[in-house]
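Student: I would like a close look at one part of this structure, the packing of two helices. Please take me through it step by step.

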Amino acid sequence: MRALRATHKLALTIAREKRTSVSCLSRHLFNRKKSAYSMQFRSITCSLVLAGCARKEVGPIIRSIAATFGVCVPKCMSGQTVGRIMLEGGLASQIQIAHEMVMSDSITFSSDSTSHRHIDYTSRHVAMKRPQSASPKDTGSHVMRLLSVDSPVDHKADTQLEELKGKVNSYTCLYNDSPLSQRAGTRLSSFGVTQKLMGINGDHSSDQLKFFAGAKEWKKDNTYLELGYNALKGPQSSKLVEAIVIAHNELLQEAGGPDAWNTLSLEIRSMRERTAQERFGEEAFNSLSEGEQRQWTLIVRAGCCMHKELNGVKGGCAEMAACWEKSGFEPPILLANKDNAATLKGISGTDNTDSLTAAELRAFEVSGRGGPKTTSTAGAIFNNKDDKKGLQDVHRQYFVAIKGPGVSTTFPDTSNIHYQSHCFAAEELITYLDNYIALLIQTRYKKEKRNFSHMEENLFNALNDPSTLTELAVLILYAAAVGRPYMLIVRGDGSGETNILDLGPFHHHVKNHTQKLVDSPDLLLAEDASPESATLDGKMWQNPHAITAVQKLAKEDKLPNLKNALVAFFRGSLQVWNRLTSEFASDSANASMSATERERAWMLTTNNCNEGALGAYRVRARQKPTMTLHQYNAEALYRHNNTAEFISSTCTEEDQRWLMAKAREVDASGLEHSCRAELNAHAERIAGESQAKEAERLAATTKENARVDAITLILDAATLEHFTRAQLDDQLAIHRRRDATIKAKSNYKNREAKLTAVKAAVADLLNQSSSRQSNPDLETPLLPTTSIPHGETSAAAESHAVIAQYSGLDDDSDSELY
């Protein structure tokens, strides 16, 4: 009996504990009094969305999981609620970034842009020292925070700068309104942001250089405003008070008196007061020492190292393509597309272009050849970016048997222009040259009609062309000597802590090593070439099989002009390296920075974070085409900035309630609608301006044609000798109507050159007229007619007879020509 009572008591205890734990779990998930999901519930929701759950399925999934533990969720979360919870996470991430910027003594910005379906997108990140409240996932001493992926109206530098200013203002306003700011007693302003701003990182395009110049000016203007505010707010000397009174009187006088000043709008008055404040700030700035001025205004720029290497390869390829004619060797075969190949049928790639028709010449000029074209074609066949095209699976199955298990059989992604993919593709093609030729033959004879597609035929021909193989070999040697070691050193040990500003000496070494290979190409070409002296890092070849394959082909004399092509490639690459490493020049701001300043201006060596953010958006846009941009940003910021850890460690219930209200406000603001309306309005404005310019151009062309129609065509050389430059321009305009190959007047530097061109055109016209007289069936274009006054001289009448016969005019025509 005692045992029975004990068993019954144990059962009651277990049941009570179970009810207690279930009740506790229910309270953690749902607050019935306030009809709101708890912070834990919201965190679970965000985690499910980031794991890939559809938003409308999150509620049923949570309900099923809760039921497994005996917890009753009174209502199922809707997809709209899930969206708002994600917006809360995005807003929390923005507050997190602003709070971390307040705590940091310096920041740097980076950005990159791309287009997706003809709409521009820009990604931005901010780099700063790792805050104490950072997530354990944020390893290292610095963190990269995603600011946003936005869709600006255009890609101009001024637009990018205004977008950044707007983004900073939105972050500061959001943070200053938050309970966290009030609780911590901290505030953030655009002045504080620019004061902390030490660097700008991006690619090397002209718009980025202009963007940096604008950011530098933005920091300088804010410095003046900050110093002016401090001067006006601080202790005021009698001299300063007098200056303030004078400035105030000037403002009143400029407005037209006190009454007129009071009638001005608040915006205009603020603008004029701001201008006066800047003037005081500038005076205060000029009174500082040079060192103090540097502390206020120092900001540097750095260019992505991957773009440096990419453009180095492009510069080398351009120089290599030009070396074939200079060295007298037959260039690589032409790899024209299907349409251009039909136009160029029967024409060799080495034929003289002077004998080609206009259509043939255009087809010849736009068709590619050489190593990069071959790797691009191979990538389109064996690893096409469209997974419905190409021979991806055939390629993998074929090379698994050759390479064995555990070795990558995916062809380098040249179809998506992956970094260094063309050099890697060259290594693949040369190393397995016979296998690729065999695969193409196998693909051909597997088809019912047993023929190549045009692209397959181009690749087959290229792999059997010695000159094309030479260019592929040069790509391999460059990658082995410079490309691969460079990126390994730039990326560092994988911690992401390498500061690009510390790589100045290294980039000088890159240029010196490249010059060394230009001067001594045998360091790479000799049969006993040593990697210790040939590679940038002095280590072993990273792909020794590719080097062996190149040496084998060279020994068999299958790589003509290899030495000249190699020297040309490295020479062209060196020119690009010199141009794209200007931030490390001896007279640059970077060169004069101390170690402490470089540490404060810490920037990543590559722009991978922004490249990856834009790529992630494109992938997400394909998966969720109806997702709005602000919803995507909320999800992306929450994921990339490790905001879940920030919320759990820093945010309180007060913060959560404020975020809930703010998210509802944002969700109801029509943010996406206003953004799209702005894009549409900009597109309409640009289209309207282009139409107006086109109409003006057509009107000007019509007016110019009417003017030229009234000009007399002169065929007498003696008369032409006395013509001015303007008159010769008019004669050229008439002749250009007949012969489009005659260059425009801007191509002739002086009067003598124009006179020579007009005389040559007259001689050509008379020769064609004589040919037409001897062969009446010969087709020649008609010359536009011009009106000539009556009473011509005999010479003019003779000229008129020649032109009339040439152009099909009869003797009774009202048009006459000299």
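**Two packed helices**

Tutor: Helix 17, residues 392-403, packs with helix 19, residues 433-446, at an angle of about 135°, and their axes are 11 Å apart. This comes from a predicted model. Both values are needed because two packed helices are described by the angle between their axes and the distance between the axes. Angles over 145 degrees count as roughly antiparallel and those from 65 to 115 as roughly perpendicular. The angle of about 135° belongs to neither class, and helix 17 and helix 19 are therefore oblique to each other. The crossing of helix 17 and helix 19 is right-handed. On the side of helix 17, the contact is made by Val394, His395, Tyr398, Phe399 and Ile402. Helix 19 contributes Asn435, Tyr436, Ala438, Leu439 and Gln442. Sorted by character, the residues in the contact of helix 17 with helix 19 are seven nonpolar and three polar, with no charged residue.

Outside this pair of helices, two loop residues can be noted for their backbone. Arg117 lies in the loop between strand 3 (107-116) and strand 4 (119-129). Arg117 is not a glycine, yet its phi is positive, at about 55°. Its relative accessibility is 59%, so Arg117 counts as exposed, the cut-off being over 50%. Asp557 sits in the loop between helix 25 (544-555) and helix 26 (562-580). Asp557 also has a positive phi, of about 60°, without being a glycine. With 70% relative accessibility, Asp557 counts as exposed.

Note on methods
Residues are numbered from 1 along each chain as its sequence is written. This is a predicted model: local features need pLDDT of at least 70, side-chain atom pairs count only at pLDDT 80 or more; totals for chains, interfaces and linings use all residues. Side-chain values use heavy atoms; hydrogens and water are left out. Axes are lines fitted to C-alpha atoms, for helices over the stretch in contact, and angles run from 0 to 180 degrees between N-to-C directions. Helices (H or I, at least four residues) and strands (E, at least two) are DSSP runs, numbered from the N terminus. Angles under 35 degrees count as roughly parallel, over 145 as roughly antiparallel, 65 to 115 as roughly perpendicular and the rest as oblique. A crossing is left-handed if the near helix is turned anticlockwise from the far one by less than a right angle, and right-handed if clockwise. Contact means heavy atoms within 4.5 Å. Ala, Val, Leu, Ile, Met, Phe, Trp, Tyr, Cys and Pro count as nonpolar, Asp, Glu, Lys and Arg as charged, and the others, Gly among them, as polar. Buried means under 20% relative accessible area, exposed over 50%, partly exposed in between (1.4 Å probe, protein chains only).
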